[in-house]
Structures are given as structure tokens and as C-alpha cells.
2 protein chains.
Amino acid sequence: MSLQYSEYNETTPTPERLPPGTPDIVIARSVQPQSILLLAQQRFGLPGDSLIPFGHYKAKLNMAHVDTSARAARGKLVMVTAITPTPAGEGKTTTSVGLNDGFNCLGVQSSVCLREPSLGPCFGMKGGAAGGGRAQVIPMEDINLHFNGDFHAITTAHNLLASILDNHMHWGNEVGLDPRHVYWRRVMDLTDRSLRYMVSGLGGTAHGTPRETGFDITVASEIMAILCLADGLPDLRQRLGNIIVGRRPDMSPVTARDLGVEGALTVLLKEALLPNLVQSLEHNPVFIHGGPFANIAHGCNSVTATRAALALNDVVVTEAGFGADLGAEKFIDIKCRQTGLRPDAAVLVCTVRALKMQGGVSRKDLATPDLHSLRAGAVNLERHIRNLRRFGLVPVVCINRFPTDSDEELALIQSISAEWGVRAVTATHWAMGGEGATELAQAVLDQMDEGTPEVQLLYEDDIPLAEKIETIATRIYDAASVDFTPAAKRQLEEYEQLGFGHLPVCIAKTQYSFSADPSLRGAPSGHVLPVREVRLSAGAGFVVAVCGDIMTMPGLPRRPAALDISLDENDQVTGLA
Amino acid sequence: MSLQYSEYNETTPTPERLPPGTPDIVIARSVQPQSILLLAQQRFGLPGDSLIPFGHYKAKLNMAHVDTSARAARGKLVMVTAITPTPAGEGKTTTSVGLNDGFNCLGVQSSVCLREPSLGPCFGMKGGAAGGGRAQVIPMEDINLHFNGDFHAITTAHNLLASILDNHMHWGNEVGLDPRHVYWRRVMDLTDRSLRYMVSGLGGTAHGTPRETGFDITVASEIMAILCLADGLPDLRQRLGNIIVGRRPDMSPVTARDLGVEGALTVLLKEALLPNLVQSLEHNPVFIHGGPFANIAHGCNSVTATRAALALNDVVVTEAGFGADLGAEKFIDIKCRQTGLRPDAAVLVCTVRALKMQGGVSRKDLATPDLHSLRAGAVNLERHIRNLRRFGLVPVVCINRFPTDSDEELALIQSISAEWGVRAVTATHWAMGGEGATELAQAVLDQMDEGTPEVQLLYEDDIPLAEKIETIATRIYDAASVDFTPAAKRQLEEYEQLGFGHLPVCIAKTQYSFSADPSLRGAPSGHVLPVREVRLSAGAGFVVAVCGDIMTMPGLPRRPAALDISLDENDQVTGLA
């Protein structure tokens, strides 16, 4: 979510380069992008045939031209995470983009890896998503619309598997699927509540078998998670084949491989697996690739993009979804565990406003300096610092500055951070671009100069699944205990019997609290984490613990953003962000 | 549908350049495509920034760089159509590609415009569709997979309109839609019978309003027809706004414009509206753009592609869907009527084999010379010649040669054509490429040298809709009469009252016969055309007369092509065509 310039107070000195009230799309369009082929050549020494251009300013990178082998040189990986999100906005993507520009201002060869935005929210709630202010990625409209077709390819692959499945049952059901135990739904990259629950296959025997099913949004597809975790085409194919689409009457799993369709799915996804290269407003390289949900999936950009960026840069900035309790934990315990990647540094983004909300201030009062509430809300920051330290990381705290922040408020966050032995730096990349983030970039370099962190996974592969969930709940969320429903207990036992006990777990819970109750701000402890059900993502390679209601197909608001999106008289897109 | 090389008889001398049994995909891959930017520069003098590259061998053409105004020079338009299709295959697309290569062999600056293949049949029945043999378009895999994203954009736009519609009803239904009269379904670019009939909006009040609905395949979307008939962005927006999504209780129509969504739909389609440029195996320019159904829609490539090609070439070859009774009629009475375009020549494709099938020979006996059956089946060719003459066109008959054709059989078709005063030429582009079609190309040039045809629309705008249908039925299909159901009669009257009486009609009937009965081969006459219902495509700008069962969402066969599609050890696609 991009911060709005209108939230800047007019009495505060405004940066010269950014007139107040300028919408993101206007700023984005004021900069002429460089040829992406030229940029790749100049920055990375990559020849033109190593890129697959999509227009002049976007490209996919042919991985055959990038040495991602274990022996090759590899840059430092900086994970950007954040405090528990609030409606005040923290600006994690904006900070990732700004920090990368900051590194480049310092002369460090750096790229940033981000997730791709989904068309659903773009036409529903919020317009575009590619950073904000002077810390944006361009071409902004293209990134927010069809981009390079990855999500469309995932949608098609997901739905081809569904149609092959229904067709298999229609023609005799040779593998013996139990129609009552078909899990594989369909997906669409839109928000459409009417498709959540439906009965398909109506109209008579010529039109399939009636069954209850529905659609999720494409970012919730297991294939999205698979694409983002796959380490090359053979691994992609293997994972696609492992997808469990349903069960036989004896409850044995039926996979996509049993249906013989993993080859066709791989073909549909072969180009989507290649990372997308674009640029920031300051013409620094940005990889945007993949966008899995951060609740029922791990919420990180693709492994391919991270590997490509690490092979081509000295420093790579990347972003983990939601707050550090969910995003950073999954980044380390799922993505790093599966791939051997390890972060060399972590940046923990906060704002004065958001910490005041964590301390109980309502949104309308955020402009008023309030040291007391800030102090109260800072427990949230402290909990995240402690957690990151438990992973072996000493984070750098980034205070993403707003004009309404008082000097005393900024100083308070810095002194609290100092108590925890971590650096805290104010950054103004939103208004100033990379120049506003050089101090932050320098602090990250200084932190990395202190030595490579010994990053620890939170739990070992070989402990029981329930214990993995309990470890996360007690060590990261400060829960007193975990309450498994009888169904969840049965499912965990069954997954272990089926041979999936070694998988990591992915907690699907509200991002608005350390607890499962979104109204509990700050740093709640002693709560109980309720695990309602457990799902198996055998292709992605994790077990999902569902704690509360998780919406996998959002609905449109009363007035969707789509009604304001149009072309102006010059055929330029209006209404995006 | 591509012809199979295996149908060549081994005892027949085979062309040197094409070893027997070579699959299309192997031939396609044996040719290294030229850089599409270089090709556009060399052939058309177009600068690099006038193209939007998609990889190195595909591009979209920025129409701002092409003068399509009425004053500008414009090439001759050659419409390729065919006899009534049979399972023997006529090779219309292959002939279009080969004829274009033939023109270029003769030194004529020529391009061909084709429709885009759909992913649905590609993974279902038949593998790829981009010509065959040495008359193919490359890069073949890309064209058959996601190509440049047009169909995904259409799918997304169509489904965004559906979600906005359901959302509008969910939040109070301000425009007063009658939920029982919502016509707008959803689409998917796959074949999936289970989605034909469904009930959506189940699960309670938070999840929309339950209603009967379903999915069609994307090529059946009215937005596909709109994209292919739109003459620029303003016309596109206008047509999108005109789409009728349902009715109010008083039966007044509710349009996409009433829902306020035509701007967002236009944004989603702005790049999809630009024509795609690729190349033949002989590096001649090929435009592939849009692919509407040829039954419930008009079955032609986009107006944008045709206009762009005409502005850049001396000759443009284009293809009309199905046989000439459906494809050529709709090309002239819908596409030409709406745009002012007129064909300068027509090529009528036939094969000896297919004409023998029209004469009653079964598929297994087609290799046996049989002058008697050929003479009997040639009535089908004659009927199409007569029909094209009624439009003011003197067609050139192309006999797409198979090795099993005897000289006597070829001579018979030529003498029958001569009786009708039309040229008939044998062509071997499938095996020989452009060289095999130079005689055909020369015959078309000779025909055009005889003067510009005075192309006649079959009926005027201002006669009643029922009379338009009757005119097509009696003049083109040789029906004795049209039988309208009471519902169809009511609908026609209603559309006229609503002000749509001036629209052309689009007949949706079987492509396998002049009649509505697919088993009636040859040239049936005196039959009755049953019009079951009439639909209004107010955005596309035609009224659809549905004669018989029209499947708008195909099903997969027992063994879908998807199960044979995969990547080989070199990451090359196998199993496509």
C-alpha cells in the first residue's frame, strides 16, 4: 500500500523534488524509463539475447546466462521486514525500493526483489502497488496490469489441472478419485465473491459430475507458491507433479502426476518461471517476480529472482510479506530452509504513526505528537527485534519518516532501539528517493561489516508437525499454547503417516496481531493460538495451519477501484493508485 | 487443423526439402526466426520504437506509426475461404500462409492476417494451430501457448465485468438488474465441460446472490468479437460500453456502461488491441490477431491487424472461418459492412479428398482415385463458386494437393472450375513452401488485373432482421424457408423495438453442411433453416441467429492432448501438433 502525499503536512518543509499532492502515477510517468536491454548490459554486462523483452522497459531474464551455481560469487542478501501492520501504513515495499536506490547512491551494485501485484486488489480496493512517491518501480501501469503474463500463466495452469481432473472423472475415473474428496478448486486473478462457493457440473450427464467447488484468487493458488519456491524447471515439474488434488475412498492421495498432467503444466509455466527485470525511478534494477499470499503461503518473491539477483549484484534487497512474525519467519523457515539461502542482514521498517496506533491511538489522531502512546506501542517493535535476534539477525530499524513526526518521537524510537543494541535510522526515500535512504543503506553496510550472521532456523525438520506449530506460537507469537481442533490433530497425524512430517509449517493467521485476534495490538502474550484445520501443500512443500478465517477469494467493495480506472484523452491510464 | 505428413503415400515422389513423417513442430524448429524488429524495419521501414517486442521474434505494432487513414495508400485484400469442411481437412490456414509466401516469392510485398489459436483446443483435441508443413508461422510454440497475452486480457476483462455485475447486485443493485435476467456469463481459455452450467453465489449472504450461470470458452466471449471489430481505442470503449449484460424487470437492457466499467475494460484491453507481428518459415511477415468463434461470432482476425497490414503492403492475404457459406458471408456482411473494407480477390480452397468426401466417399477410402464421387462432391465447390459470384467476387480455386491425388482428378476440378469461368490452380505449399504456391499467387494477381470487383453486401441495413436471415438462408444456403420458433420471433421484434433492427445478422449453424443438418453433404437445397433463438451482441454489433445446438464451452476428449505435451531434456516443448 502506497502512502499518500496528501498526508504530508503543508507546514512542514517539503522536499523540492516532489510537489505536495502529486499522485504516484504522475510521479511515475514523469520519469522516462531507460531501455531495459541497455540497463541490463550496463549494470550486469548481460548480452541482449540473455533477456526476453516485453516491450522496451520490461524483460524476463534467461537463467542460462546467469551463474547461480554454489561455486559462483554471490551478493549479500538484505531482508526487509516490518512491524505488525496497521491501517496507518508502514511502507515496506517503498522502503525496499528506496533502500536499493540508497545502496546505488553509495556506489554499491545492488538490486531489489519484490513480489508482483495482483489484478484483483488493483481493480478492487487500492489501485496499483509498485512502491510510492519517489521510491517507485516503473513502468508502473504495466506492472499493475498484465505485467509479463506470469499470473495469467499460473491461472491457466491451475485451471487446466482442474479441467483435466473433472474430465478424468467424467471418462471413467481410472485413478479412482472420490468425488467427495476433491480439493483442487479453480482460480481467477480477480476479486469475485460470487465464485467462492458454487456447484459445478450441472445440466446432465453430458456436462460432468455435479460437485461443490469454487474459485480462489490466483495469488492463493498452490501453483503460485510452487512457482516461487521452484529452483529451476526440473524442480518445478517435480513440485507440480506432487500436488495433491484429492483422495481415493481409502483416503490415499491422488496427485497431478497420477493424472499425467505435470508436463503440460510445466510447459504453460516455463516462461513464467523466469524472473522479470524492471527499474526504479532512479534507473536501478528491480526484479519483480511471483506473488504468493503471505497467510496460506510463504509470501516471498521467487527463488529464481533472488538467485538471479544474487548472482548479478553485491547486495540484494528483498521483502518478506506482512510483519516480521509472519513474513520473516516464513522467509527463513520455508524459503531459506528449502533453498539454502540465508539473509546477511535484516531491515525492520516502522513509522511513528504506526507505532502510535500499536499504542492505542486512533487513525485520525496520528498527526499529534504523543510520546506516551508511542512508548506504549513500541513494544511491538521490541518484540520483532527480539524475534529477529532469535533467528540470529541483528536488524537495522528503519523509521520511514512522515512530516508529522516530531523530533522527540524519532529520538524515542532510536533510544529504544539502542537499548536493544540495534541501529535505528530515519529515512525519507518516499519524498527524496535514494538520497533519502543513503543513511539507512550505510547502516546496513555497517551492520554487515560486523560479520556474517549465523542464521538459525526456528525448528528442525524431524520434530513432529504439531511441535513445529507450537514452537512458532510460543517463541515468535508469545502464545501460552496451541489449541488444535480434533480435525486438525487428525490431519497432522495423517500427514505424518503419509510421509510429510518433515515439511515446514506455514501459519495462516491474521497479520494484524501477534495473536489470532486482530484487535490485540502491541505485544500480546499468554494467548492461545487456535488451529482450526491443517492443509497439505505437498507441491509447495509445506503444511498450512489455519488459525481463524482465511479469505482465499476477496470481495469487491461497494465502489470498486475499477470504476475510477480509465484512459484519458491521451490514452494514458488514470485511476491506478 | 494441420494436415499430417503421414498421409503422404510413400510411393509418391516426395519433395526433397521435407522428409516424410516430419512433425510440424520439428519443421518449425528447424528454422531460426529473424529478429522481428529487424524484419519490420527491412520489410516495412518501421523504426524499433514502433514495435512492442515480446521476446525477439514476436511484437505488437504501435498503431500510431501506421497511417490507416482513408487517404493513405492501401494494399489489395485477398480473402481465403474454403469449401464446406470435412474431416479430410482442406488446409485453409496452411494455404493462407503458403499463398503469402508465394506472393513474396514473386517479389510482391505481401503479408497474411490470421486468427490466434486458443489454448483450449490446443490442450484438448488437436495440439497447435499455426499452419502446417513448410507453410507455418513461427515461433510456433509461443503462438500456441500464451502468445502476446491477448486472450488472457480478454478473459480478464470479461470476468471483471462479471464480478462488477455480481458486486453491483450484492451492494444494493442501484441500476435495478433483474437477477433472473442476467445474461453475462464468465469465460476461460480452456475446454472445461464442468463449468458449462453452475450455480454461483452460494454459501450465504456474505457471498453474493445465488444464480444460475456458467463459463464459455474465451473465443466465444462477446469481448473477443468486439476486440476484433473495434476500429481503434475510442470505438473499443464505445462497443464495450454497449454490451448488454442483463435486463431490468421491465425488460429494459442494462449495459456495461450502466455499471460504469467500460473504462477499466478498455484499460485491460489497450495492449491487446494492437496487432501481433510474427513471421512465416520463409521470414515473411504474418499478423496473428484475435480469434472469435465463427458460429456465434464472425470468425475473422482483427480489423486492426487487417488495417495495419493493408497500410504496409501491396497485397494482404486474410482468412475467413469455416466454409465460404459461413466465413465469407460474415466477412463481407459483418466485417466489411462495419468497416468499409472490401476484398479485392477471393481464393476458394479445396482438396480432391474433401470433395470426394462431399461426394459420399468414407475417410478410409480417400486415397483411391474415384472420378465419379469427385464429380458428385464437386457440387459443393460449385455452390461456393456461385455464392462468391453473388457477392461480386470471381474466386480463384486452390486445389491443395495431396500425393494421392490423380492427374485425372485434378483435371476434373480444373474443368469444372473452367465451366464456372474461374481459374483453378494446384498448390503444393505444404511440402514446398512459397515455391509451391507461386502459380496460385500469379493466378490471384491475374484475376485482380482484370479489374476491381464490385463487392455487394447481401442485404441492406434497413430491411427487417427476419428478412436478413431469410436472405442468407435462401440465397447462400439454398434453403426453401426459415422456421422461426415463437421465442425467436418475439426476440427479433423486441430487438427491433429496442433500436437494433439495423444490425447485420450472424448465423450460428453447423459448418459441415449448407443446411442445419451436418450429415447433408454436397449441395443440399430446399431444406428448412430452423432458428431456435436469437441473441443480441450489442457491443460487437450483430444479432446472432442460433440454428441448432451451439457449444460455447467444449469438453475434453477421453485422452486430452495435454497428457502428451511436455518439455524434453533440452527444455523444448514436445507434443504440440
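## Two copies, their cavities and the domains of chain A

Because 98% of the interface residues of chain B are also interface residues in chain A, the copies meet through the same surface, where contact means heavy atoms within 4.5 Å. The model is a predicted one, in which local features need pLDDT of at least 70 and side-chain atom pairs count only at pLDDT 80 or more, while totals for chains, interfaces and linings use all residues. Residues are numbered from 1 along each chain as its sequence is written, chains are lettered from A in the order in which they are written, and side-chain values use heavy atoms, with hydrogens and water left out.

Superposed by least squares on the C-alpha atoms of residues with pLDDT of at least 70 in both, chain B falls on chain A after a rotation of 180 degrees with 0.0 Å of shift along the axis, at an RMSD of 0.0 Å. The two copies are thus related as by a two-fold rotation axis, and in chain B the C-alpha nearest that axis belongs to B:Phe54, 2.3 Å from it.

Seven cavities of 30 Å³ or more are counted, a cavity being a set of points on a 1 Å grid over the protein atoms alone where a 1.4 Å probe fits but cannot get out, with lining residues having an atom within 4 Å of a point. Points are joined across faces, edges and corners, and a volume is the space filled by probe spheres set on them.

| Cavity | Volume | Lining residues closest to the centre |
|---|---|---|
| Largest | about 460 Å³ | A:Phe54, A:Asn148, A:Gly149, B:Asn148, B:Gly149 |
| Second largest | about 200 Å³ | A:Thr155, A:Asn159, B:His152, B:Thr155, B:Asn159 |

The lining of the largest cavity divides into 14 nonpolar, eight polar and 14 charged residues, whereas that of the second largest has six nonpolar, eight polar and two charged; here Ala, Val, Leu, Ile, Met, Phe, Trp, Tyr, Cys and Pro count as nonpolar, Asp, Glu, Lys and Arg as charged, and the others, Gly among them, as polar.

By an automatic or database assignment, chain A is divided into domain 1 (65–147 + 275–449), domain 2 (150–269) and domain 3 (465–547). The centres of domains 1 and 3 of chain A, taken over C-alpha atoms, are separated by 25 Å, and their contact takes 26 residues from each of these two domains. About 2,200 Å² is buried between them, 57% of it given by carbon and sulfur atoms, where buried area is the accessible area (1.4 Å probe) that two parts lose on being put together, summed over both.

Key. 1 Å grid on protein atoms, 1.4 Å probe; cavity = no way out; pocket = protein on both sides within 12 Å on 5 of 7 lines; lining within 4 Å.
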